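User: I am new to this structure and would like a close look at a single part of it, the grouping of aromatic rings, followed by whatever surrounds that part. Please take me through it slowly, in one connected account.

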Amino acid sequence: MKKTIAQAILFTSFFFISISFCVAQAYELSLDNRPIFSAKKTTNKITVDGLADEKDWQKTEARTLNYFYLTQQPYDKQKTTFRMLWDDETLYLLFECEDKYLTSSEKERDGEPYLDDCAEFFVIPAPKSTIAHFCFEINLYETKNDVLYINNFYENQDTAIKAYNPNYQVKVTYEGTMNNNDDVDNGWIMELAIPIKALSRTSELYPIKTGTRWAFTALRQERNELEIGRRVISTIFPIEDISKKVHQPNTFGIVEFID
């Protein structure tokens with residue numbers, strides 16, 4: 001019974017994604033006005049080990065997350081560099097983060113890793129923002145919260161479909177001591193490999209190839225105190241009103257897949 005319910009939820013969710021490509025004009029921005037990030041194609045093997053020692057990582061675009069929100073202390077603005085590679089079957093993501101205070105607690109999948117030091121990647125396999133997007137949120141324990149997020153599902157209320165649990169690789173390495181603010185840490189690296197098929201059949205509408213453009217954003221959540229509560233957020237593209245939510249597809253940028 002549980003499996004049947006989950007399948008029904010996923011079917012309904014993908015239905016909403018399909019119709020959103022046509023009717024969700026409120027969440028669309030002109031392609032001419034949206035920032036573009038370039039992801040270079042790789043023909044080499046990328047080992048997901050959190051080391052980022054493949055030369056291809058240095059050949060693709062590197063962009064820092066320069067938009068900060070909810071900062072209170074001087075050390076809240078910490079550098080994050082984001083990179084992306086691709087091949088015909090996989091998206092490869094890299095977050096390189098300076099971090100003076102490594103903090104994580106969530107260890108249950110589909111829990112709340114976004115309350116920890118956490119990297120997040122939201123993607124729509126189409127060139128325009130719509131009412132639904134895939135979300136990948138992972139903390140330093142490699143705990144995953146992966147959801148299908150639907151904006152304005154009913155009466156301006158959003159919902160997250162947590163039955164979406166794709167298989168993908170993630171590895172984190174860090175320099176420092178976890179959950180100990182008596183010392184100063186150096187930071188962490190997160191490397192991911194997300195199969196294109198993990199985006200289900202939606203990725204077939206705008207297949208990944210040279211010149212394809214998809215909507216996306218990359219974020220970092222930080223918790224610089226041990227007590228759960230205050231968070232710091234940094235993003236690759238600006239968010240209109242962070243007090244509402246980070247799931248604002250109208251603020252997503254574009255990734256263009258290049259050779």
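Analyst: In this predicted model, ring pairs join F37, F82, F95, F121, F134, F136, Y164, Y168, F216 and F237 into a cluster. The count of aromatic pairs comes to 15, and two of the pairs can be looked at one after the other. A pair of aromatic rings is described by the distance of the centres and the angle of the planes.

One of the pairs is made by F121 and F216, whose ring centres are 6.0 Å apart and whose planes stand at 40 degrees to each other, a tilted arrangement. Because F121 belongs to strand β6 and F216 to strand β12, the pair ties together parts that are 95 residues apart in sequence. F121 counts as buried because its relative accessibility is 3%, which falls under the 20% limit. F216 is buried as well, with a relative accessible area of 0%.

Another tilted pair is formed by F134 and Y164, with 5.2 Å from centre to centre and 50 degrees between the planes. Here too distant parts of the chain are linked, since F134 sits in strand β7 (residues 132-139) and Y164 in the loop between β9 (157-161) and β10 (169-175), 30 residues apart. Both F134 and Y164 are buried.

Two further members of the cluster, F82 and F95, carry numbers that fall within a pair of neighbouring strands, β4 (residues 80-86) and β5 (residues 90-98). These two strands run antiparallel and are joined by seven bridges, and with three residues between them they form a hairpin. Within this pairing, R83 has L94 of β5 as its bridge partner. Strand β5 also pairs with strand β11 (residues 187-195), again in the antiparallel sense, over nine bridges, and in that pairing E96 is matched with I189 of β11. Seven of the nine residues of β5 are buried, so this strand is largely enclosed by the rest of the structure.

From the rings we can turn to the charged side chains, some of which involve the loops next to these strands. Side chains of opposite charge can pair when their charged atoms come close. Across the whole structure there are twelve salt bridges. In one of them R230 meets D76, with 2.8 Å between the closest N and O atoms. The two residues are 154 residues apart, R230 being in the loop between β12 (213-222) and β13 (232-235) and D76 in the loop between β3 (67-69) and β4. D76 is buried, its relative accessible area being 0%, and together with E225 and R230 it belongs to a network of salt bridges.

A second salt bridge brings together the side chains of R220 and D99, at 3.3 Å from N to O. It links strand β12, where R220 lies, with the loop between β5 and β6 (118-124), where D99 lies, across 121 residues. Both R220 and D99 are buried.

The side chains of R109 and D146 also meet in a salt bridge, at 2.7 Å from N to O. R109 lies in the loop between β5 and β6 and D146 in strand β8, so this pair ties together parts that are 37 residues apart in sequence. The two partners differ in their exposure: R109 is partly exposed at 38% relative accessibility, whereas D146 is buried at 0%.

Strand β8 leads on to the empty space in the model. Rolling a probe the size of a water molecule over the atoms shows where empty space is left. The largest pocket holds about 310 Å³ of space, and of the 18 residues that line it, Y114, E137, R231, V246 and H247 are the closest to its centre. Strand β8 (residues 144-154) contributes the largest share of this lining, with three residues. By class, eight of the lining residues are nonpolar, four are polar and six are charged.

Finally, one cavity of 30 Å³ or more is found in the whole structure, and the space within the largest cavity is about 30 Å³. Its lining consists of T217, F237, I239, V246, T251 and F252, which divide into four nonpolar and two polar residues, with no charged residue. Here the account returns to its starting point, for F237, which lines this cavity, is also a member of the ring cluster.

Conventions. Residues numbered from 1 in each chain as written. Predicted model: local features only at pLDDT ≥ 70, side-chain atom pairs only at ≥ 80, totals over all residues. Heavy atoms only, no water. Buried < 20%, exposed > 50% of the residue type's maximum accessible area, 1.4 Å probe, protein only. Helix = DSSP H or I, 4+ residues; strand = E, 2+ residues; numbered from the N terminus. Pairing = 2+ DSSP bridges. 1 Å grid on protein atoms, 1.4 Å probe; cavity = no way out; pocket = protein on both sides within 12 Å on 5 of 7 lines; lining within 4 Å. Points joined across faces, edges and corners; volume = space filled by probe spheres on them. Nonpolar A, V, L, I, M, F, W, Y, C, P; charged D, E, K, R; others polar. Salt bridge = Lys/Arg side-chain N within 4 Å of Asp/Glu carboxyl O. Phe/Tyr/Trp six-rings, centres within 6.5 Å; stacked < 30°, edge-to-face > 60°.
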